[in-house]
Amino acid sequence: LPAGVLVASGLLAFVNLATRVAILPVLMAMRPDAPPLGPALLGSFALLYSQLVLPTPSGAGAVDLGLLAGVAGPVGGSEVPLLFWWRFYTTGVGVALGGWVGLRLLGRARRGA
């Protein structure tokens, strides 16, 4: 691959990592009792990427429970909406956009365009 493509891929991968990690601290910052930024960033990073080194059974929620147990600082009483919106923005939006783009490309390919 040309060097420009490799550099652009590396930059886009970093932007993807940084924006996905930043979503949870942003959601937490909107709360009146927002935790400090450092623990929130660490908790968000752990929620997203800790299963790469320490896999847990799919859907067990062990990582989510770790966040709620204090990894990201005190999150207050409304954890369920916070985790729902975090999962929606980090996973749901990407899946929905990818599905939409895939269906558009598949439809275009079937029409012969």
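**A friendly note on an all-helix chain**

1. The protein chain has four helices and zero strands, where helices (H or I, at least four residues) and strands (E, at least two) are DSSP runs numbered from the N terminus. Along the sequence, the pattern reads α-α-α-α. Please keep in mind that this is a predicted model, in which local features need pLDDT of at least 70 and side-chain atom pairs count only at pLDDT 80 or more, while totals for chains, interfaces and linings use all residues. Residues are numbered from 1 along each chain as its sequence is written, and side-chain values use heavy atoms, with hydrogens and water left out.

2. A good place to begin is the pair α1 (residues 3-29) and α2 (residues 37-49), which pack at an angle of about 125 degrees with axes 8 Å apart. That angle makes α1 oblique to α2; oblique covers whatever is left once angles under 35 degrees (roughly parallel), over 145 (roughly antiparallel) and 65 to 115 (roughly perpendicular) are set aside.

3. Now for the residues between these two helices. From α1 come L17, R20, V21, L24, P25 and M28, and they meet L37, A40, L41, S44, F45, L47, L48 and Y49 of α2 (contact means heavy atoms within 4.5 Å). By class, this contact has twelve nonpolar residues, one polar and one charged.

4. Do have a look at L27, which lies in helix α1. L27 is buried, with a relative accessible area of 12% (buried means under 20% relative accessible area, with a 1.4 Å probe and protein chains only). Leaving out residues up to four places away in sequence, L27 touches L82, W85, W86 and Y89. L27 and W85 are 58 residues apart along the chain, yet their C-alpha atoms are separated by 8.0 Å.

5. Finally, the whole chain. Of its 113 residues, 20% count as buried. Among contacts with a separation of 6 or more, 63% come from residues 24 or more positions apart.

How values were computed. Axes fitted to C-alpha atoms, helices over the stretch in contact; angles between N-to-C directions. Nonpolar A, V, L, I, M, F, W, Y, C, P; charged D, E, K, R; others polar. Buried < 20%, exposed > 50% of the residue type's maximum accessible area, 1.4 Å probe, protein only.
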